[in-house]
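Please take a moment with the sequence and the model below before reading on. The paragraphs that follow begin with the chain as a whole, move to its strands and helices, and end with a few individual residues.

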Amino acid sequence: MSGPAVPFDEGFVDAGGFRIRYQEAGEGTPIVCLHGAGGPRISPGYELLARNHRVIAFEVPGFGDSAVNDRSGSIEELAATMCEAVGELGLGPITLLGNSFGGRLAVWMAVQEPERLASLVLVAPAAILPERRSDSGQAAGQGPPSDPAVLYAHPERIPDWWPPADPGVTAKQRDLVRRLAGPPRNPELEAKMVELQVPTLVMFGTGDRVIPPEMGRHYRALLPKCQLVLVYDAGHVIDVDRPEAFAALVEDFVPEPEEFLVTRESGLLYP
């Protein structure tokens, strides 16, 4: 992971036969973060959250500087590994936050071990995908788009320290994401989602060109305790495009998730 402006300490846990790296900063309510298909990073949104919370950002096996992951045979197996990794940290109930591919992974973790979670935050999650191809020219969820204009509504806001990924790392990550992709809709997962009683916040950017924001309605229909938020003027990577709005929404939701309310009639456009 690259060095952010706010220092995050590095640590490791052993889980599922992997040595798994994480970075953390801050104190307070633990928020465990799972990155998207583009790999691990500490975004401006995570830095803002670390001012008031203990933020723990994992490097999922097979991403970033970790070795090629040919051990995880399915997204379910990878989710079980990450549940074990969270357990190794000895945390109480956590807020689990997943971006895109990490959102899909987070949903599988939630249905496997819901007792670990106080709440769930899904940011442009890839657990439910459209059949059609995205504007990026590839099937949504099949790997990270390479064009910043597709990922971000405001590419100019990408931090200066955020370097281009090494081509070998990019290829390694893309291969893993494609191998674990599965169908756009998974009936087994969706049947489990209907029974999930964890308070959940689903967040999409209104300008998301990777996963259409209208996919959010499926989460609201399936998850019994789901609130759906649309963030104005944000693309797929909300915590970079609109870090202040991202952090404010998460911080509004985490302390009292049962009290967080967005009306089903209108949703919320965060200005």
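## A walk through the predicted chain

Of the 271 residues in the chain, 58% are buried, and it should be kept in mind throughout that this is a predicted model. The secondary structure comes to 9 helices and 9 strands. When contacts between residues at least 6 apart in sequence are considered, 78% of them join residues at least 24 apart.

A useful place to start is strand E5, which spans residues 94–99 and is mostly covered, with 6 of its 6 residues buried. The covering applies to both faces of the strand, since Ile 94, Leu 96 and Gly 98 are buried on one side, while Thr 95, Leu 97 and Asn 99 are buried on the other. E5 also has strand partners: strand E3 (residues 30–34) runs parallel to E5 and is joined to it by 4 bridges, and within this pairing Leu 34 stands opposite Gly 98 of E5. Strand E6 (residues 117–123) likewise runs parallel to E5, here through 6 bridges, and the bridge partner of Ile 94 in E6 is Leu 117.

Another parallel pairing is found further along the chain, where strand E7 (residues 200–205) and strand E8 are linked over 6 bridges. Val 202 stands opposite Leu 228 in that pair. E8 itself covers residues 226–231 and is mostly covered, 5 of its 6 residues being buried.

Turning to the helices, H3 can be followed through its packing against two others. Helix H2 (residues 75–88) and H3 pack at an angle of about 75 degrees, with their axes 9 Å apart. Angles from 65 to 115 degrees count as roughly perpendicular, so H2 is described as roughly perpendicular to H3. On the H2 side the contact is made by Ile 75, Glu 76, Leu 78, Ala 79, Ala 80, Met 82, Cys 83 and Val 86, and on the H3 side by Phe 101, Arg 104, Leu 105, Trp 108, Met 109 and Gln 112. The residues of this contact divide into 11 nonpolar, 1 polar and 2 charged.

The other packing of H3 (residues 101–112) is with helix H6 (residues 187–194), where the two axes come within 10 Å and cross at roughly 55 degrees. H3 and H6 are therefore oblique to each other, and their crossing is left-handed. In this contact Val 107, Trp 108 and Val 111 of H3 meet Glu 188, Leu 189, Lys 192 and Met 193 of H6, and the residues involved divide into 5 nonpolar, no polar and 2 charged. Trp 108 is named in the contact of H3 with H2 and again in the contact of H3 with H6.

Several loop residues deserve a closer look. Which residues does Pro 125 touch, once those up to four places away in sequence are set aside? Pro 125 touches Ser 100, Gly 103, Val 202, Met 203, Phe 204, Ile 211 and Tyr 219. Pro 125 lies in the loop between E6 and helix H4 (148–151), and its relative accessible area of 0% means that the residue is buried. Its C-alpha lies 9.5 Å from that of His 236, although the two residues are 111 apart in sequence.

Ala 124 sits in that loop between E6 and H4 and is buried, with a relative accessible area of 0%. Although Ala 124 is not a glycine, its phi is positive, at about 45 degrees. A positive phi, about 60 degrees, is also found at Asp 233, which is not a glycine either. Asp 233 lies in the loop between E8 and helix H8 (238–241) and, at 29% relative accessibility, counts as partly exposed.

The last stop is Arg 116, placed in the loop between H3 and E6. At 29% relative accessibility, Arg 116 counts as partly exposed. Leaving aside neighbours within four places in sequence, Arg 116 is in contact with Cys 83, Val 86, Gly 87, Gly 92, Pro 93 and Ile 94. Among these, Cys 83 and Val 86 also belong to the H2 side of the packing with H3, and Ile 94 is one of the buried residues of E5. Thr 95, another buried residue of E5, is 21 residues away from Arg 116 in sequence and 8.8 Å away in space, C-alpha to C-alpha.

Technical notes: Residues numbered from 1 in each chain as written. Predicted model: local features only at pLDDT ≥ 70, side-chain atom pairs only at ≥ 80, totals over all residues. Heavy atoms only, no water. Axes fitted to C-alpha atoms, helices over the stretch in contact; angles between N-to-C directions. Parallel < 35°, antiparallel > 145°, perpendicular 65-115°, else oblique. Left-handed = near helix turned anticlockwise from the far one by under 90°. Contact = heavy atoms within 4.5 Å. Nonpolar A, V, L, I, M, F, W, Y, C, P; charged D, E, K, R; others polar. Buried < 20%, exposed > 50% of the residue type's maximum accessible area, 1.4 Å probe, protein only. Pairing = 2+ DSSP bridges.
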